[in-house]
Amino acid sequence: MRLTSFQLGGNIFSTRDAVAAKPEDVKALIAGFFESCAHDVPLVPGASEALATLSADYEIAVLSNIPDHCREARVQNLRDHGIDFPVLANRGEKGPAAAYIAEHHNAQIVFVDDLPPQHKSVAQHAPDIHRIHFVADPRLAAMIDKTEHAHTRIDDWSTLTTYLQQRLLEA
C-alpha cells in the first residue's frame with residue numbers, strides 16, 4: 001500500500017513486482033479484507049468516547065458498505081470497543097439508504113462519511129440530510145479537500161462532537 005492519492009485503486013501494489021493492482025484485484029482484496037478482518041478493525045482515536053457522548057442526544061446507526069455476511073463480525077468488533085449501535089450493511093451508494101432512514105425518522109439526520117461519492121449520493125437522494133466530510137487518517141486527510149457535497153469538513157471526533165452538540169443548541 002502506497003498512499004499517494006485518496007483512493008485504493010492505484011495505491012495497492014504487488015509485493016512481488018511492485019506493479020499496481022488491477023481494479024478487479026483491488027475489489028477482490030477489499031472483499032478478502034472484510035472476510036478476514038471485519039472482526040479486528042481498530043478504532044479511530046476518540047470514536048468510542050465521542051459516540052457515547054453523542055448518543056445522549058442523537059440516535060446513532062452505522063451505515064457501512066460491509067458485505068452482509070460480514071456484518072455480525074463487524075457488530076461484535078464495534079461492541080468489543082464499546083460501540084453498541086445498529087450496523088446497517090449497505091452495498092454501493094449510501095444515498096438511497098440514507099433517504100430511507102430519513103423517511104422513517106422524524107428527526108434531524110446527520111451523515112458522516114469519508115468518501116466524496118457517498119456525500120454526492122446522499123445529497124442527490126436526501127438533500128435535507130446534513131453531511132459532514134470526515135477523514136480520520138491524517139495522511140489521507142491531507143490528500144483531499146472538503147467534498148463539494150458536504151456541508152462541512154471535520155477530521156477528529158472531539159471537534160465533531162462539539163460541532164454536533166452546537167447544532168442541537170442552534171436548532
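**Contacts of Ala 21 and the setting of H3**

Trainee: Which residues does Ala 21 touch, not counting those up to four places away in sequence?

Mentor: The model is predicted, so local features need pLDDT of at least 70 and side-chain atom pairs 80 or more, while totals for chains, interfaces and linings use all residues. Residues are numbered from 1 along each chain as its sequence is written, and side-chain values use heavy atoms, without hydrogens or water. Ala 21 is in the segment before H1 (helices are DSSP runs of H or I, at least four residues; strands of E, at least two; both numbered from the N terminus). By contact (heavy atoms within 4.5 Å), Ala 21 touches Ile 12, Phe 13 and Val 26.

Trainee: What separates the C-alpha atoms of Ala 21 and Asn 11?

Mentor: Along the chain, Ala 21 and Asn 11 are 10 residues apart. Their C-alpha atoms are separated by 8.0 Å.

Trainee: What is the relative accessible area of Leu 8?

Mentor: Leu 8 also lies in the segment before H1 (23–37). Leu 8 is partly exposed (between buried, under 20%, and exposed, over 50%; 1.4 Å probe, protein chains only). Its relative accessible area is 37%.

Trainee: Within what arc do the buried residues of H3 fall?

Mentor: In H3 (residues 71–80), Arg 74, Val 75, Asn 77 and Leu 78 are buried. They line one face of the helix, because seen down its axis (by directions to the C-beta atoms) they fall within an arc of 160°.

Trainee: Which strands do the buried residues of H3 pack against?

Mentor: Just after H3, Gly 82 takes a positive phi of about 85°. The buried residues of H3 itself pack against strands S1 (62–64) and S2 (87–89).
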